[in-house]
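Dear colleague,

I am handing over the structure we spoke about, and I would be grateful if you could look through it alongside the notes in this message.

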Amino acid sequence: MGILGNIFHKIFPSSHPAVAQADAPAAASPAAPEADNTGPATTSAAAPTQNMPEVDVEQILNGMAQSSGQTLNWRTSIVDLLKLLGLDSSLQSRKELAGELGYSGDTNDSASMNIWLHRQVMNKLAANGGKVPADLKD
């Protein structure tokens, strides 16, 4: 399971279809990125929304932030979002997430990559049954 799958596991309940789906592509994904970097991510994110129960991502993350005892700005920072979820927020981890999500920019430009990553994670959460505030997604 990749970093995005770990994010899904932390936000969605274990019974949510997005969690099962996050686990499933791991077995089939090694060949898929070589065939087409843009198609699989878009297709797999768009299809699931039809039958998935909606999960209020903002409410869950705000609750986690209140009980964390830390000041973390998950709404704008991918680093803070990963920290809030108890996941590795190192540059290497964020580069891996960028690879999973098909980032085509310079991974050494961490500021641009981080902004893109945060937006993509919010888009993926929304596409997989998460209720995400409109200002946090495309």
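What follows is an account of what was found in it, beginning with the chain as a whole and then turning to helix packing and to a few individual residues.

Please keep in mind throughout that this is a predicted model. The chain contains nine helices and two strands, and, read from the N terminus, its elements follow the order α-α-α-α-α-β-α-α-α-α-β. Of the 138 residues in the chain, 39% are buried. If one takes the contacts between residues at least 6 apart in sequence, 55% of them join residues at least 24 apart.

Helix packing

Helices H1, H8 and H9 contact one another in pairs, and I take the pairs in turn. The first pair is helix H1, residues 3–11, and H8, whose axes come within 8 Å and cross at roughly 95°. Since angles of 65 to 115 degrees count as roughly perpendicular, H1 and H8 are therefore described as roughly perpendicular to each other. On the H1 side this contact is made by Ile3, Leu4 and Ile7, and on the H8 side by Ser93, Glu96, Leu97, Glu100 and Leu101. Sorted by class, the residues in the contact of H1 with H8 are five nonpolar, one polar and two charged.

The second pair is helix H8, residues 91–101, and helix H9, residues 110–127, whose axes come within 10 Å and cross at roughly 55°. That angle makes H8 oblique to H9, and the crossing of the two is left-handed. From H8, the residues taking part are Leu91, Arg94, Lys95, Leu97, Ala98 and Leu101, and they meet Ser110, Met113, Asn114, Trp116, Leu117, Gln120, Val121 and Lys124 of H9. The contact of H8 with H9 comprises eight nonpolar, three polar and three charged residues.

The third pair is H1 and H9, which pack at an angle of about 55° with their axes 11 Å apart. H1 and H9 are therefore oblique to each other, and their crossing is right-handed. Here Leu4, Ile7, Phe8 and Ile11 of H1 meet Val121, Lys124 and Leu125 of H9. The residues of the contact of H1 with H9 are six nonpolar, no polar and one charged.

Read together, these lists show some residues in two of the contacts. Leu4 and Ile7 of H1 take part in the contact with H8 and also in the contact with H9. Leu97 and Leu101 of H8 meet H1 as well as H9, while Val121 and Lys124 of H9 appear in the contact with H8 and in the contact with H1.

Two residues of H1

Isoleucine 11 lies in helix H1 and is buried, with a relative accessible area of 4%. Apart from its neighbours within four places in sequence, isoleucine 11 is in contact with Val55, Val57, Ile60, Leu61, Leu85 and Leu125. One of these, leucine 125, stands 114 residues away along the chain, yet the C-alpha atoms of isoleucine 11 and leucine 125 are separated by 8.8 Å.

Phenylalanine 8 is likewise placed in helix H1, and this residue, too, is buried, its relative accessible area being 5%. Phenylalanine 8 and valine 19 are eleven residues apart in sequence, and the distance between them is 5.9 Å, C-alpha to C-alpha.

A residue in a loop

Threonine 76 sits in the loop between helix H6 (57–68) and helix H7 (78–84). Because its relative accessibility is 55%, threonine 76 counts as exposed, the cut-off for that term being over 50%. The side chain of threonine 76 makes a polar contact, at 2.8 Å, with the side chain of asparagine 73. The C-alpha atoms of threonine 76 and arginine 119 are 8.6 Å apart, although 43 residues separate the two along the chain.

With best regards

Technical notes
Residues are numbered from 1 along each chain as its sequence is written. This is a predicted model: local features need pLDDT of at least 70, side-chain atom pairs count only at pLDDT 80 or more; totals for chains, interfaces and linings use all residues. Side-chain values use heavy atoms; hydrogens and water are left out. Axes are lines fitted to C-alpha atoms, for helices over the stretch in contact, and angles run from 0 to 180 degrees between N-to-C directions. Helices (H or I, at least four residues) and strands (E, at least two) are DSSP runs, numbered from the N terminus. Angles under 35 degrees count as roughly parallel, over 145 as roughly antiparallel, 65 to 115 as roughly perpendicular and the rest as oblique. A crossing is left-handed if the near helix is turned anticlockwise from the far one by less than a right angle, and right-handed if clockwise. Contact means heavy atoms within 4.5 Å. Ala, Val, Leu, Ile, Met, Phe, Trp, Tyr, Cys and Pro count as nonpolar, Asp, Glu, Lys and Arg as charged, and the others, Gly among them, as polar. Buried means under 20% relative accessible area, exposed over 50%, partly exposed in between (1.4 Å probe, protein chains only). A polar contact is a pair of N or O atoms within 3.5 Å; within protein, one must be able to donate a hydrogen and the other to accept it, and residues adjacent in sequence count only if both atoms are side-chain atoms.
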